[in-house]
Amino acid sequence: MFDPNNIAIPNGNFFGFPYTIEESEIVLVSVPWDVTTSYRAGTSKAPEAIKQASLQMDFFDFDVERAWETRIGTEVLSDKIIDANKTYRKLAEQIIADLEHGKTPKQSDLDAVNKACEVVNTYVHKLCESHLKNGKKIGLVGGDHSSPLGYIQALSEVYDDFGILHFDAHADLREAYEGFTYSHASIMFNALQFKSVKKFVQVGIRDVCQDEIDLANSDERIVQFYDFILKEAGFSGYTWQEQCNSIIQELPKNVYVSFDIDVLSREFCPNTGTPVPGGLSYNEAVFLLKFLKNSGRNIIGFDLCEVGVGPDEWDANVGARMLYKLCLASSLRA
């Protein structure tokens, strides 16, 4: 029997919860992958860091009665992904260094990295497909933001029509950024290739390139709520609740939530891979999740990506709490 008032026991599960995968409603799948990271690497270490930080949490929630009874299970971390990440990250770093010095990377190196990413996508797809067939809801814990592509593919094979609510400082709409087909900066470009994705709503975007703006303007599925627009609306007297209502109205019944931690202001994620000034507060993000759940929409799954690992546990601490909030928002419990 889990006692939420006592110290959490390290048992290999997020939050130290005692629930097996078989008895769980939500299964957390770790993908320790950051091969294509274009600035600061290290998010491959995030799943384990978040897990460790989650043991120090209190599990009372002001919105969900007996929140700790939400049955959250943990999939075993893949050592093969960890090992492959070490190998192909080094190769990707060489490719990026070549590009930064005006050199053309070896095509064989690019092919090798792209193939390795494809293998990870296939692994994630098959694993998530299995859990979905067993009636589980999945929370994917990255890794960089390329991590959930296989999961989104699996969802697209289950749901004919769903939207993506994308929290991020970046649009991630670049095609094969730096030559990497499955770059972290290309995750949403790739996700939009799935026909089941009928709406794509981005929140907190503040760092984009011209190609991404052009794509957003040409694809009617894409709706962007830029960070500066949200801030200007607030300065002009619009409440955050009113803005959340405008955001949620753009989404269909079924919603996948993709949460890049760098959507938050940097004090909440100082060691994320590509930090950008501005952003949401932690409580603004939590309120939007709460608003989404209370709207009656069905959160079909979620990911949490780009949590950095620094000299202290602050990033992981924030990540663990956001992960808990994502789980509770996705739960069938009130």
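Student: What makes K51 and E48 a salt bridge, and how are the two residues placed in helix α1?

Tutor: A salt bridge requires a side-chain nitrogen of Lys or Arg within 4 Å of a carboxyl oxygen of Asp or Glu, and the side chains of K51 and E48 meet at 3.7 Å, N to O, so the pair qualifies. Both belong to helix α1, where they are three residues apart and therefore separated by about one helical turn; helices here are DSSP runs of H or I with at least four residues, strands are runs of E with at least two, and both are numbered from the N terminus. This is a predicted model, in which local features need pLDDT of at least 70 and side-chain atom pairs count only at pLDDT 80 or more, while totals for chains, interfaces and linings use all residues. Residues are numbered from 1 along each chain as its sequence is written, and side-chain values use heavy atoms, with hydrogens and water left out.

Student: Why is K51 called buried, and what is E48 called?

Tutor: Buried means under 20% relative accessible area, exposed means over 50%, and partly exposed lies in between (1.4 Å probe, protein chains only). K51 has 10% and is therefore buried, whereas E48, with 35%, is partly exposed.

Student: What does the salt bridge between R71 and E23 tie together?

Tutor: The closest N and O atoms of R71 and E23 are 3.8 Å apart, so the pair meets the 4 Å limit. R71 lies in the loop between α1 (46-54) and β2 (72-74) and E23 in the segment before β1 (26-31), so the salt bridge ties together parts that are 48 residues apart in sequence. R71 is partly exposed at 37%, and E23 is partly exposed at 38%.

Student: How many salt bridges does a search of the whole structure find?

Tutor: The search finds nine, among them the one between R221 and D219, whose side chains meet at 2.8 Å, N to O.

Student: Why is C305 in no bond with the closest cysteine sulfur?

Tutor: A disulfide is a pair of cysteine sulfur atoms within 2.5 Å, and the sulfur of C305 is 12 Å from the closest one, in C128, which is too far for a bond. By this rule the count comes to zero disulfides; C269 is in none either, the nearest cysteine sulfur, that of C305, being 13 Å away. C305 counts as buried at 0% relative accessibility, and C269 counts as buried at 2%.
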